Amino acid sequence: RVLFRSTGKYQQYWSTGLGWAGHIGDAGFRGETTWFRAFERDDVLNLTVEMDYLLSGSWYFSTAGLYASSGFSNAWNDAGPASFVLSPIQPMLSKWTAAFRVQKTVQTLWNIDAVLVYAPECQYLIGYPSLRYDAGSRMDISVAGQILALLPSTKDKIRSGTVFVSAKWSF
């Protein structure tokens, strides 16, 4: 079990935080909370909690939740998202965000990974599928995607989709 505390300054905010890592049974359990204090602006509180589990047969599962008090309650109707920038103060667009991950290693050469990020208040779902192949002792080839889908309350269902292909050679 690990417990840590941090204190510092980010831009005009003073911050203090607490984090932990450990196990509940065979599952990993970790989290972090950070409070940002600025005298000219509202305070900000971020909280993350994550659990993960590795099954026999190389199946890995992870689930996480994030609360960001500075997040938007309804991002697609607010003017702010057009200028949104990720930062320690606002790590995600929405106040509440959940992430789910499934990963499987197949015959030690192939790795299949899927991550879903869901923001109920902002009504979006982001998918990150990926496939990696170990082409040799010094070569990895991977294909990864990113799909942003807006949920039924919006007109356009799929907002964007991207595919990345990469090869890594270690020498």
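Two strands pair if DSSP finds at least two bridges between them, and a strand here is a DSSP run of E covering at least two residues, while a helix is a run of H or I covering at least four, both numbered from the N terminus.

Let's put that to work. You're looking at a predicted model, where local features need pLDDT of at least 70 and side-chain atom pairs count only at pLDDT 80 or more, while totals for chains, interfaces and linings use all residues. Residues are numbered from 1 along each chain as its sequence is written, and side-chain values use heavy atoms, with hydrogens and water left out.

**Exercise 1: Get the overview**

Task: Work out how many helices and strands the chain has.

Solution.
- Step 1: Count the elements. You should end up with 0 helices and 10 strands.
- Step 2: Read along the sequence. The pattern is β-β-β-β-β-β-β-β-β-β.
- Step 3: Check burial, where buried means under 20% relative accessible area, exposed over 50%, and partly exposed in between, using a 1.4 Å probe and protein chains only. Of the 171 residues in the chain, 26% are buried.
- Step 4: Look at contacts, meaning heavy atoms within 4.5 Å. Take those between residues at least 6 apart in sequence: 34% of them join residues at least 24 apart.

**Exercise 2: Walk from β2 to β6**

Task: Find out how many bridges join β5 to β6, starting your walk at β2.

Solution.
- Step 1: Begin with β2 (residues 13-24) and β3 (residues 27-37). They run antiparallel and are joined by 11 bridges. Ala21 faces Arg30 of β3. Their hairpin leaves 2 residues between the strands, and Gly25 has a positive phi near 65° there.
- Step 2: Move on to β3 and β4 (residues 44-55), an antiparallel pair with 9 bridges. Here Gly31 sits opposite Val49 in β4, and the hairpin connecting the strands runs through 6 residues.
- Step 3: Next, β4 and β5 are antiparallel too, with 10 bridges. Asn46 is opposite Ala68 in β5. This hairpin has 3 residues between its strands, and Gly57 in the turn shows a positive phi of about 90°.
- Step 4: Finish with β5 and β6: 9 bridges, again antiparallel. Phe61 has Val102 in β6 as its bridge partner.

**Exercise 3: Buried, partly exposed or exposed?**

Task: Sort out which label fits Ser15, which fits Leu45 and which fits Gln11.

Solution.
- Step 1: Ser15 belongs to strand β2. Its relative accessible area is 15%, so Ser15 is buried. Skipping neighbours within four places in sequence, Ser15 contacts Ser6, Thr7, Gly8, Lys9, Thr34, Trp35 and Phe36.
- Step 2: Leu45 lies in strand β4. With a relative accessible area of 35%, Leu45 is partly exposed. Beyond four places in sequence, Leu45 touches Thr33, Thr34, Trp35, Tyr67, Ala68 and Ser69.
- Step 3: Gln11 sits in the loop between β1 (2-10) and β2. Its relative accessibility is 54%, so Gln11 counts as exposed. One extra detail: Gln11 isn't a glycine, yet its phi is positive, about 50°.

**Exercise 4: Hunt for the nonpolar cores**

Task: List which residues make up the largest nonpolar core.

Solution.
- Step 1: Know the rule. A nonpolar core is a set of buried Ala, Val, Leu, Ile, Met, Phe, Trp, Tyr and Cys residues joined through side-chain atoms within 4.5 Å.
- Step 2: Collect the members. The 9 residues are Phe72, Leu93, Val117, Ala119, Cys122, Tyr124, Ile126, Leu148 and Leu150.
- Step 3: Assign them to elements. β7 (110-119), β8 (124-136) and β9 (139-150) are the ones giving two or more residues.
- Step 4: Zoom in on Ile126. Leaving out residues up to four places away in sequence, Ile126 touches Val115, Leu116, Val117, Gln146, Ile147 and Leu148.
- Step 5: Look for another group. A second, separate core has 5 residues, including Tyr13, Phe36, Ala38 and Ile89.

For background: in soluble globular proteins, nonpolar side chains tend to be buried together.
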